[in-house]
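The exercises below ask you to read cavities, cores and contacts from a set of coordinates. Each task is followed by a solution that goes step by step.

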Amino acid sequence: MSGICAIFDLEGRPLEREALAPMLAAAPYRARDGVRSWRGDGVALAFQATHVTPEDERERQPLEDRTSGMVLVADARIDAREELTAALGDAVSADASRDRAPTDAALLLAAVRRWGENGLGRVVGDFAFVTWDPRTKRVVAARDPMGMRQLSYRWDGRRLWLATEVRQVLAADGVPRTICERSVANHLVGRFDDLQHSPYEGILRLPPGHVLVADAAGIRLQRFWDVDPDRRVRYAHEGDYVEAFRDLFADAVRSRLRSTRPVGVLLSGGVDSGSAAAMAGALLREGMQDPSVLRTYSWAFDELAEADERHISDRINDHFGFTAVPIDADELWPLRDYPEHGPTLDGPFFGPYQPLLDAALTRARWDGVGVMLSGNRGDLLVGELVHDVPGLVRHGHIGAALDELRWYARWRHRSLAAAGLEWLVRPVVSDVRRLLPQRSASRRRSRRLHVPPWIHPDLVRRTGIDTPPSHAADRTADAIRDVARRGRCRMVFSGMQFHSLAWDDRIHAQAGLALADPWSDRRLAEFVIAAPQWVVHRLNDQKRIARMAMRGVMPETARAALTKINPHPLFRRSLTDRAVPVIERLLTNPVASELGFIDAEALHAHYAEVRLGATEAPTFWWALSLEMWLRHASGRM
């Protein structure tokens, strides 16, 4: 949750002395523990410090290597530290005394010096960093593969700006504020697979798992880490998968408990946050610490009792003796106190339940919490609609395969034969076709998107959004031969999740907290994608591997009761009651209509149907959030 700001004039022209000032001022909340800067010929770097780990408190960035003169700024938490330190050997010795562990910045700088950008795949953790080598006049910037830390940039052919947030690049002198219509169109249809373009022309986001290199020849991007499509995890017994998963998950949680301040958990009644909290409690007890130091924050619904999850989460709190903090949630509906809880200049993407999150994060800050554990990626990592009936059949679990098909048939109101065709025959045919020579180089066909009726036809024609292009995430998944594992890979690395994480990171930083998601640990993702998916998840045994891994860790009464409860009743209350005046105001003479992005009458007609009881289209929220962002960006709140 620290911040990075940097400007490089690769022709060596001098920078204005206060060139970084507007960028730093655009996100002051990332500098809770101060700002330090470094200047060179045509170069200015600044680090906005927020200390989280013990190593952070003795870190002094920008960090300069005494031998090479290379300078680094990094927003990072590096995991698997002992293994990395051993691999780096004496490359890191100059940056750390013998009796103290190296800082995260020192490890990153040593990795770049020793291995260059091609070796960054050996670094595990959440990070974004920028380095400058004055000898070669070369910039190297990178972002972790799971997208937990942010990095944006602009290149005009001579000068390069880099910063943690889009708004920081936007604030720099000489950077124009021109809306990118393609990004607007993608947002309106709810397609978030483009991980590079921001809502502003010329301001780009560095994609996760990529490195940017800039020098006199220009800039270039390359991927430094990707899923190994051929890696398979095979054990003789299902219990072996569960044990391996538990060990990896424990290490993921342990890594995120490194904090000089109390740790909190956004605790629901689901598997994801419940597992994170229970594992944290077990690890604290193992380390002879009192689990009451960990604070949990849960939504407390009294009026909307169907959205309340405390009957499950309290069992975990009581078992470990956590300090439980309920957040009164009935009146924290979407668009409450608009525009206080809304999009920032970074872009129109934000979640409808931001008032809930803001309330919990604000309370956590008052309680002195420094790190907040979450279950952000849990659904995608071990749940969702990824099923493996062919795998069950191949491994001789015929009864379990039939159970899956029966569950699916009842769920979708179909015959058992139809379920078998969709879940067994078609996946097998798909996998066989990929083995044929003429299919080896094929790509997944692009499917035309449904375009909501309120999107202006001219915008569709100008941007061509009705026929989406292929993205890198699709190509990565396509290289995996097994249809279930392909589906899991697409889930874990979905564009929607990366956008959600960027928003979540930003609102945590604004509250003075660091976001830590053990479900976004790269080692855990690699394992799950390589494992048989029938072990990971089944329709009649949701998130099977995680539930089994929690045996003996979580109290059995809580483990048996874990279930996903959606706060959608709060959303409906907002759309049809509490937020009606706000929404009507947003839909009256909308800026998005003036700019030719939407048909205001069609959008308002849909909302009228929603108020009469119709189900809102999934893209309706994205139209509202775009309008809120346009008004904010234009000062027409």
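**Exercise 1: the second largest cavity**

Task: state the volume of the second largest cavity, then describe its lining by residue, by element and by class.

Solution. The second largest cavity has a volume of about 190 Å³, a value that, like the others here, is computed from a predicted model. Its lining is made up of 22 residues, of which Val52, Asp56, Ala76, Arg77 and Arg149 are the closest to the centre of the cavity. Turning to the elements, at least two lining residues come from each of β5 (71-79), α3 (104-115) and β17 (514-516), and the greatest contribution is that of β5, with 4 residues. Sorted by class, the lining of the second largest cavity holds 10 nonpolar, 4 polar and 8 charged residues.

**Exercise 2: the largest cavity**

Task: find how many cavities of 30 Å³ or more there are, and carry out the same kind of description for the largest cavity.

Solution. The count comes to 6 cavities of 30 Å³ or more, and the largest cavity has a volume of about 350 Å³. There are 28 residues lining the largest cavity, and those closest to its centre are Pro199, Arg205, Asp346, Phe349 and His499. Two or more lining residues are given by α5 (181-188) and by α17 (495-510), and α17 gives the most, with 5 residues. In the division by class, 8 of the residues lining the largest cavity are nonpolar, 10 are polar and 10 are charged.

**Exercise 3: cores and cysteines**

Task: describe the largest nonpolar core and a second, separate one, and then establish how many disulfides the structure has and whether Cys5 and Cys489 are buried or exposed.

Solution. The largest nonpolar core has 106 residues, and the residues with the most contacts inside it are Leu108, Phe129, Phe245, Phe249, Val382, Phe493 and Ile545. Helix α3 supplies the largest share of this core, 9 residues. To see one core member in its setting, consider Phe129, which, apart from neighbours within four places in sequence, is in contact with residues including Ile4, Leu72, Leu108, Val112, Val140 and Leu151. A second, separate core has 81 residues, among them Leu15, Ala46, Ile507 and Trp621. In soluble globular proteins, nonpolar side chains tend to be buried together.

For the cysteines, a search of the whole structure finds 0 disulfides. Cys5 has a relative accessible area of 0%, so it counts as buried, and Cys489 is likewise buried, because its relative accessible area is 2%.

**Exercise 4: Val140 and Thr131**

Task: place Val140 and Thr131 in their strands, decide whether each is buried or exposed, and list what each one touches beyond four places in sequence.

Solution. Begin with Val140, which lies in strand β7, residues 138-143. The relative accessible area of Val140 is 4%, and since buried means under 20%, Val140 is buried. Its contacts, not counting residues up to four places away in sequence, are Glu117, Phe129, Val130, Thr131, Val211, Leu212 and Val213. One of these, Glu117, is 23 residues from Val140 in sequence, yet the C-alpha atoms of the two are 7.3 Å apart in space.

Next take Thr131, which belongs to strand β6, residues 124-133. With a relative accessibility of 2%, Thr131 also counts as buried. Leaving aside neighbours within four places in sequence, Thr131 is in contact with Met70, Val71, Leu72, Val112, Arg138, Val139 and Val140. The pair Val140 and Thr131 therefore appears in both contact lists, as a check on the two answers should show.

Note on methods:
Residues are numbered from 1 along each chain as its sequence is written. This is a predicted model: local features need pLDDT of at least 70, side-chain atom pairs count only at pLDDT 80 or more; totals for chains, interfaces and linings use all residues. Side-chain values use heavy atoms; hydrogens and water are left out. On a 1 Å grid over the protein atoms alone, a cavity is a set of points where a 1.4 Å probe fits but cannot get out, and a pocket is an open set with protein on both sides within 12 Å along at least five of seven lines; lining residues have an atom within 4 Å of a point. Grid points are joined across faces, edges and corners, and a volume is the space filled by probe spheres set on the points. Ala, Val, Leu, Ile, Met, Phe, Trp, Tyr, Cys and Pro count as nonpolar, Asp, Glu, Lys and Arg as charged, and the others, Gly among them, as polar. A disulfide is a pair of cysteine sulfur atoms within 2.5 Å. Buried means under 20% relative accessible area, exposed over 50%, partly exposed in between (1.4 Å probe, protein chains only). A nonpolar core is a set of buried Ala, Val, Leu, Ile, Met, Phe, Trp, Tyr and Cys residues joined through side-chain atoms within 4.5 Å. Contact means heavy atoms within 4.5 Å.
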